[in-house]
Amino acid sequence: MYEILIFGGTSEGRELAEYCSEKNIYCIVSVTTSYASELLPKNKFVKIIQGKAESSDMSLFIVRNEIKTVIDATHPYALQATENIKKACLETSTPYIRLKRESSETYGKIFNNLSEMCGYLNLNDKIILNTLGSKELHELTKVNNFRNRIFSRLLPVNNIIGYCESLGFDKNKLILEKPPFSLQQKRTGARF
């Protein structure tokens with residue numbers, strides 16, 4: 001019944017799920033977070049599964065559910081997820097389609113990894129807005145005076161404040177809100 005498996009988590013994945021829903025196309029959408037799950041259409045055409053999986057688990061799922069096509073709409077930087085999806089498709093001889101967002105002009109400095117970025121940040125005392133998420137917060141503790149310098153925009157998930165405080169971050173420098181942000185919030189300068 002569900003012949004399309006979409007690995008989502010991006011706005012492109014959500015839009016594809018919405019398209020399938022509107023066109024009465026049965027699909028399964030795999031996301032890793034409850035937040036991504038909340039944004040998806042809730043109807044008989046879209047089956048949502050949540051959680052991370054290794055390529056062997058993906059292969060088994062593809063075979064058991066008789067998936068005919070896999071669409072990888074994961075985040076452009078989710079390299080391990082994309083490798084696992086490609087491997088599962090190769091193992092099961094399932095067609096693989098990569099849905100990527102259009103490139104946009106890049107502003108600012110570009111780093112190859114977090115270690116390189118932290119090294120650069122330790123050469124100055126600028127204030128930083130972190131939008132990388134909570135997964136890599138521990139790496140940012142390597143930045144000199146991080147408690148006073150780093151503001152972080154994070155999803156308001158269970159115990160995130162406690163986690164940030166356990167790492168030494170200032171809870172008053174946390175912006176805990178789910179996007180998208182409204183124009184009204186922007187105009188009023190609302191603290192998220």
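**Exercise 1. Getting an overview**

What percentage of the 192 residues in the chain do buried residues make up? Work it out for this predicted model, then add the secondary structure and the overall box.

*Solution.*
- Step 1: Start with burial. Of the 192 residues in the chain, 33% are buried.
- Step 2: Go through the secondary structure. You should end up with 9 helices and 8 strands.
- Step 3: Put a box around the C-alpha atoms along the principal axes. Its dimensions are roughly 55 × 35 × 35 Å.
- Step 4: Look at the contacts with a separation of 6 or more. Residues 24 or more positions apart account for 45% of them.

**Exercise 2. Hunting for the nonpolar core**

Find out how many residues the largest nonpolar core has, and which elements give two or more residues to it.

*Solution.*
- Step 1: Count the members. The largest core has 16 residues, and L137, L140, V143, I150, L154, C164 and F169 have the most contacts inside it.
- Step 2: Sort the members by element. Two or more residues come from each of helix 5 (114-121), helix 6 (137-140), strand 7 (150-154), helix 8 (160-167) and strand 8 (174-176).
- Step 3: Pick the top contributor. That's helix 5, which gives 4 residues.
- Step 4: Zoom in on one member, I150. Skipping residues up to four places away in sequence, I150 touches I128, N130, L140, V143, F169 and K173.
- Step 5: Check for a separate core. There is another one of 12 residues, including V29, L40, I71 and A73.

In soluble globular proteins, nonpolar side chains tend to be buried together.

**Exercise 3. A pair of rings**

Classify the ring pair of Y26 and F45: what are the distance of the centres and the angle of the planes?

*Solution.*
- Step 1: Note how many aromatic pairs the structure holds: 4.
- Step 2: Take the two numbers for Y26 and F45. The ring centres are 4.8 Å apart and the planes sit at 50°.
- Step 3: Compare the angle with the cut-offs. Stacked needs under 30 degrees and edge-to-face needs over 60, so at 50° this pair is tilted.
- Step 4: Place the residues. Y26 is in the loop between helix 1 (11-22) and strand 2 (27-31), while F45 is in the loop between helix 2 (34-38) and strand 3 (46-50), so the pair ties together parts 19 residues apart in sequence.
- Step 5: Check exposure. Y26 has a relative accessible area of 24%, so Y26 is partly exposed. F45 comes to 13%, so F45 is buried.
- Step 6: Look for further partners. Ring pairs join Y2, Y26 and F45 into a cluster.

**Exercise 4. Two helices meeting**

Describe how helix 3 (residues 55-64) and helix 4 (residues 79-92) pack.

*Solution.*
- Step 1: Read off the geometry. The helices pack at about 45°, and their axes are 8 Å apart.
- Step 2: Name the arrangement. Roughly parallel would need an angle under 35 degrees, and roughly perpendicular runs from 65 to 115, so helix 3 and helix 4 are oblique to each other.
- Step 3: Give the handedness. The crossing of helix 3 and helix 4 is right-handed.
- Step 4: List the residues that meet. Helix 3 brings S55, M58, S59, I62 and V63, and helix 4 brings A81, N84, I85, K87, A88, E91 and T92.
- Step 5: Try S55 of helix 3. Its relative accessibility is 7%, so S55 counts as buried. Leaving out neighbours within four places in sequence, S55 is in contact with N84, K87, A88 and E91.

Conventions:
Residues numbered from 1 in each chain as written. Predicted model: local features only at pLDDT ≥ 70, side-chain atom pairs only at ≥ 80, totals over all residues. Heavy atoms only, no water. Core = buried A, V, L, I, M, F, W, Y, C linked by side-chain atoms within 4.5 Å. Buried < 20%, exposed > 50% of the residue type's maximum accessible area, 1.4 Å probe, protein only. Contact = heavy atoms within 4.5 Å. Phe/Tyr/Trp six-rings, centres within 6.5 Å; stacked < 30°, edge-to-face > 60°. Axes fitted to C-alpha atoms, helices over the stretch in contact; angles between N-to-C directions. Parallel < 35°, antiparallel > 145°, perpendicular 65-115°, else oblique. Left-handed = near helix turned anticlockwise from the far one by under 90°.
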